[in-house]
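User: Please walk me through one part of this model in detail, and then tell me how that part fits into the rest of the chain. I'm happy with cut-offs and numbers, so don't hold back.

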Amino acid sequence: MRRNCEERKDRASGRPQGQGQETAWGTRVFRGSHRGRVTAKNIIWHELIGLKAKIIRASHPGLVGIEGYVLDETRNTLTILGERLWVVPKDVVCLEFEVDGESIRINGKELIGRPEMRLKKRWRR
């Protein structure tokens, strides 16, 4: 332990260690082969991780214009990696997803719930 202190290896896992070092997130985003089957009608039942998202409307003006790839999804939030890492609440935004050159707009309130539980819900359009 003493050796680590002398070499200044005080580190927290997953965090940059010094100036100029990369973060643990990197820029790798999964884009699976099933992406071509996502349409405006069935996006609610598909995986959102890896899709390119842009916030076009929000109750908070600071959220409008956030653009990037969805890294993680929880019950009430989306984690978007763009210029920086954003954690955006679903219920206050309107999102535009880009799938195969097609833009799909969806209200964030329709996405509330765990991804695995959204499959069981019945949606009316």
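Analyst: Glu98 lies in strand β5; strands here are DSSP runs of E with at least two residues, helices are runs of H or I with at least four, and both are numbered from the N terminus. Glu98 counts as partly exposed because its relative accessibility is 44%, where buried means under 20%, exposed over 50% and partly exposed in between (1.4 Å probe, protein chains only). From C-alpha to C-alpha, Glu98 is 9.8 Å from Tyr69, with their positions 29 residues apart in sequence.

Some housekeeping: the model is predicted, so local features need pLDDT of at least 70 and side-chain atom pairs count only at pLDDT 80 or more, while totals for chains, interfaces and linings use all residues. Residues are numbered from 1 along each chain as its sequence is written, and side-chain values use heavy atoms, with hydrogens and water left out.

Now for the loop between β5 and β6, where you find Asp100. Asp100 is exposed because its relative accessibility comes to 61%. Its phi is near 50°, which is positive even though the residue isn't glycine. For background, most residues other than glycine have a negative phi.

β5 also feeds the core. The largest nonpolar core (buried Ala, Val, Leu, Ile, Met, Phe, Trp, Tyr and Cys residues joined through side-chain atoms within 4.5 Å) has 20 residues, and Leu95 and Phe97 are among those with the most contacts inside it. At least two core residues come from each of β1 (52–58), β3 (77–81), β5 (93–99) and β6 (102–107). β5 gives the most, with four residues.

From Phe97 you can step across to Ala53, which sits in strand β1. Ala53 is buried because its relative accessible area is 1%. Skipping neighbours within four places in sequence, Ala53 has contacts (heavy atoms within 4.5 Å) with Ile66, Glu67, Gly68, Val70, Ile80, Glu96 and Phe97. Ala53 and Leu78 are 25 residues apart along the chain, and their C-alpha atoms are separated by 9.9 Å.

Leu78 also turns up beside Glu73, along with Leu48, Ile49, Lys90, Leu111, Pro115 and Arg118, residues up to four places away in sequence not counted. Glu73 belongs to strand β2 (residues 67–73), and it counts as buried because its relative accessibility is 8%. Its side chain has polar contacts, meaning N or O pairs within 3.5 Å; within protein, one atom must be able to donate a hydrogen and the other to accept it, and residues adjacent in sequence count only if both atoms are side-chain atoms. One of them goes to the side chain of Lys90 at 2.9 Å, and another to the side chain of Arg118 at 2.3 Å.

For ring chemistry, Arg84 lies over the face of Trp86, at 4.0 Å from the ring centre; the test wants NZ of Lys or CZ of Arg within 6 Å of that centre and within 35 degrees of the ring normal.

Zooming out, the chain has two helices and six strands, running α-β-β-β-β-β-β-α from the N terminus. Of its 125 residues, 30% are buried. Among contacts between residues at least 6 apart in sequence, 39% join residues at least 24 apart.
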